[in-house]
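Dear colleague,

Please find below the structure that I am handing over to you. My findings follow it, arranged by region.

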Amino acid sequence: MSFFRKRADINTSIAEYQTCENAVLIDVREVNEYRTGHIPGAVNIPLSQIESAKDVLSDKDLTLYIYCLSGARSARAAGILQKMGYKNVKNIGGINSYKGSVEK
């Protein structure tokens, strides 16, 4: 039953991202949302433009950590990126659960 599946903890995932070589942190919120505050080091590729990831991320073996506001858009983006051939895609949930500092 999928409603018992454990959700990713964004704080644990950010700690993992920070120790992972060749990892990219992607915020899939829209540009105006990203500008209000994002996790340091995050690249903004909005869900509405996720296909453009191929122009920025040519290495499909990179580990991609994807987040949005609540986790819904990042789940959709992760699925699209996997269909595009990216092998290591992790939906880490929403910034609304993030306890660290943000940058603008």
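Over the face of which residue does Lys60 lie? The ring is that of Tyr86, and Lys60 is placed at 5.4 Å from its centre. Please bear in mind throughout that this is a predicted model.

**Helix α1 and its packing**

Helix α1 spans residues 10-19. Its buried residues are Ile10, Ser13, Ile14 and Tyr17. These residues lie on the same side of α1, because the arc that they cover around the axis is only 105°. The general background is that an α-helix has 3.6 residues a turn, so positions three or four places apart point the same way. On the other side of α1, the exposed residues are Thr12 and Thr19. The buried residues of the helix pack against three strands, namely β1, β3 and β4.

**The aromatic pair**

One aromatic pair is found when the whole structure is searched. The pair is formed by Tyr17 and Tyr65, and it counts as edge-to-face because the ring planes stand at 65°, with the centres 5.7 Å apart. Distant parts of the chain are linked in this way: Tyr17 belongs to helix α1 and Tyr65 to strand β3, with the two positions 48 residues apart in sequence. Tyr17 and Tyr65 are both buried.

**Nonpolar cores**

The largest nonpolar core contains 18 residues. Those that touch the most other members are Ile26, Val28, Leu57, Leu64, Ile66, Leu81 and Tyr86. Strands β1 and β3 and helix α4 (72-83) each contribute at least two residues to this core. Another core, of 13 residues, lies apart from the largest one; Ile10, Leu25, Ile39 and Tyr65 are among its members. As a general matter, nonpolar side chains in soluble globular proteins tend to be buried together.

Two of these residues connect with the account above. Tyr86, which touches many members as listed for the largest core, is also the residue whose ring face is covered by Lys60. Ile26 is in contact with Val43, Ile45, Leu57, Leu64, Tyr65, Ile66 and Tyr67, when neighbours within four places in sequence are left aside.

**Salt bridges**

The whole structure holds four salt bridges, and I describe some of them here.

- Lys90 and Glu16 meet through their side chains at 2.9 Å, N to O. Lys90 lies in strand β4 and Glu16 in helix α1, so this salt bridge ties together parts that are 74 residues apart in sequence. Lys90 is partly exposed, because its relative accessibility is 35%; Glu16, at 35% relative accessibility, is likewise partly exposed.
- Arg29 and Asp27 form a salt bridge with an N to O distance of 2.7 Å. Both Arg29 and Asp27 are buried.
- Arg73 and Glu33 are joined at 2.8 Å, N to O. Arg73 is in helix α4 and Glu33 in helix α2 (residues 31-35), so parts that are 40 residues apart in sequence are tied together. Arg73 counts as partly exposed at 23% relative accessibility, as does Glu33 at 21%.

**The loop between α1 and β1**

Cys20 is situated in the loop between α1 and β1 (23-27). Its relative accessibility is 26%, and Cys20 therefore counts as partly exposed. Beyond its neighbours within four places in sequence, Cys20 is in contact with Thr63 and Tyr65. Cys20 and Thr63 are 43 residues apart in sequence, while their C-alpha atoms are 8.1 Å apart in space.

Thr63 itself belongs to strand β3. Why does Thr63 count as buried? Its relative accessibility is 12%, and the cut-off for a buried residue is under 20%. Not counting residues up to four places away in sequence, Thr63 touches Cys20, Asn22, Ala23, Val24, Asn88 and Lys90. Lys90 is thus a contact of Thr63 as well as the partner of Glu16 in a salt bridge.

Asn22 is located in the loop between α1 and β1. Asn22 counts as exposed, because its relative accessibility is 59%. Its phi is positive, at about 60°, although Asn22 is not a glycine. In general, most residues other than glycine have a negative phi.

With kind regards

Technical notes:
Residues numbered from 1 in each chain as written. Predicted model: local features only at pLDDT ≥ 70, side-chain atom pairs only at ≥ 80, totals over all residues. Heavy atoms only, no water. Helix = DSSP H or I, 4+ residues; strand = E, 2+ residues; numbered from the N terminus. Buried < 20%, exposed > 50% of the residue type's maximum accessible area, 1.4 Å probe, protein only. Contact = heavy atoms within 4.5 Å. Phe/Tyr/Trp six-rings, centres within 6.5 Å; stacked < 30°, edge-to-face > 60°. Lys NZ or Arg CZ within 6 Å of the ring centre and 35° of its normal. Arc of directions from axis to C-beta. Core = buried A, V, L, I, M, F, W, Y, C linked by side-chain atoms within 4.5 Å.
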